[in-house]
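This report describes one protein model for a reader who has not met it before. Please keep the sequence and the 3D view at hand while reading.

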Amino acid sequence: VKAVTFDRHGAVALSEVAAAAPGAGEVAIDVRFAGINPTDTYHRRRVTEGSDELERIAGVEVAGIVSALGPGANRWSVGDRVFGLVHDGGLAERVVATERLLVAMPDGLAERAAAAVPEAFITAHDGISQGGLTPDQTLLVSGASGGVGLAAVQIGRAMGSRVIGVCRSDAGRQLLRRLDVEAFGFRPVERSGEPLPYRDEVDVVVELVGAVNARADLEALRARGRMVFIAAQGNEDITFNLREFKTKRGMLIGSTLRRRGLDAKVAAVEAFAADVVPMLEAGAAHPIESRTFAASEAAAAFEFMATPGKLGKVLLEF
Ligand SMILES: NC(=O)c1ccc[n+]([C@@H]2O[C@H](COP(=O)([O-])OP(=O)(O)OC[C@H]3O[C@@H](n4cnc5c(N)ncnc54)[C@H](OP(=O)(O)O)[C@@H]3O)[C@@H](O)[C@H]2O)c1
């Protein structure tokens, strides 16, 4: 089967690899569209740095049609349309997945749109849930124009919450406004003395850039607000004023999906199925695709992933 592979020099290629057979509790899925995520770019970088992950196929999500069942797999039948998470191997035309990490694809969702959903919407929903957002509260999404960010703002709006989105491109802010989100740029460093327009108004921050925004996130918080750090791009050391944090009785939450145990991942997938799939079915939220590349153009797709200004998900077509 065809899969995206890396070499030690960072070259990305579409290669022929042996098709893995589904093991106990697993199914094989035929895939036409696969989402690329930042974690795949980190995988590629680790390979160039000499990690032992060279043989592993990247890709942490899947959407497609069940084509074979492993021993004891009984949740799905051959022909079912499913989407969900995988530990690795997602950037391939045939993917083996743990059946508990899959959800039925809504009838109205095309395979291409569905491929843009799992990692972004499960991460976003999980972060918002850990922040304890309720409909009467305000959500701030920092880094709102990427795959996870656009999912998070839409989940917040579909819940009925007030949503503020921060991103660095004009096009991103225009898109956010079309999604009924209050959109702002990041506060430039030279204006760091100026208060944020939404100072003390936010209950939950979903931070998708990193430590650079910690002070602004704390300033945005109202009393008892929660900052959920999902990303650690750039400098990884957080600095903010402890007195302000204490006075606001703030909470700092760190989260990662990929390195959780299976049961915790299943819980995140089940919560997504219960809360977010109905939003997708009702059209209250929709996956946003930035660009789709032919799988043979995977190298260009990885270059594009690293380019600022894309809005939403990057997909490969097999
Ligand atoms: N913890 C987890 O389980 C988990 C799961 C999924 C994702 N993540 C992390 O969450 C982050 C977002 O993921 P994604 O899938 O949404 O990625 P994505 O689609 O590539 O989007 C990245 C977003 O970050 C913005 N950004 C990047 N560097 C920035 C900077 N220096 N200043 C301001 N904005 C910046 C981008 O804005 P521009 O368009 O302007 O470049 C874009 O909006 C990534 O760091 C990813 O690793 C974590």
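The text below covers the overall build of the protein and then two of its helices.

This is a predicted model, in which local features need pLDDT of at least 70 and side-chain atom pairs count only at pLDDT 80 or more, while totals for chains, interfaces and linings use all residues. Residues are numbered from 1 along each chain as its sequence is written, and side-chain values use heavy atoms, with hydrogens and water left out.

**Overall build**

The protein has 10 helices and 16 strands; helices (H or I, at least four residues) and strands (E, at least two) are DSSP runs, numbered from the N terminus. Its radius of gyration is 20 Å, close to the 20 Å that the globule rule gives for 318 residues, so the protein is as compact as a globular protein of that length. That radius is taken over C-alpha atoms, and the rule is 2.2 Å times the number of residues to the power 0.38. Along the principal axes, the C-alpha atoms fill a box of roughly 55 × 40 × 35 Å.

Of the 318 residues, 50% are buried. Here buried means under 20% relative accessible area and exposed over 50%, with partly exposed in between (1.4 Å probe, protein chains only). Among contacts (heavy atoms within 4.5 Å) between residues at least 6 apart in sequence, 66% join residues at least 24 apart.

**Two helices**

| Helix | Residues | Buried residues | Arc of the buried residues |
|---|---|---|---|
| Helix 1 | 38-48 | Thr39, Asp40, His43, Arg44, Val47 | within 150 degrees |
| Helix 5 | 170-178 | Gly172, Arg173, Leu175, Leu176 | 160 degrees |

The arc is that of the directions from the helix axis to the C-beta atoms. In helix 1 the buried residues fall within an arc of 150 degrees, so they line one face of the helix. What covers them includes strand 1 (2-6), strand 2 (12-16), strand 4 (33-36) and helix 10 (298-305). Gly50 follows helix 1 and has a positive phi, near 100 degrees.

Which side of helix 5 holds its buried residues, and what lies on the other side? The buried residues cover an arc of only 160 degrees around the axis, which puts them on the same side of helix 5. Asp170 and Arg178 are exposed on the other side. The buried residues of helix 5 pack against helix 4 (147-159), strand 10 (162-166) and strand 11 (182-184). Just after helix 5, Asp180 has a positive phi of about 65 degrees.
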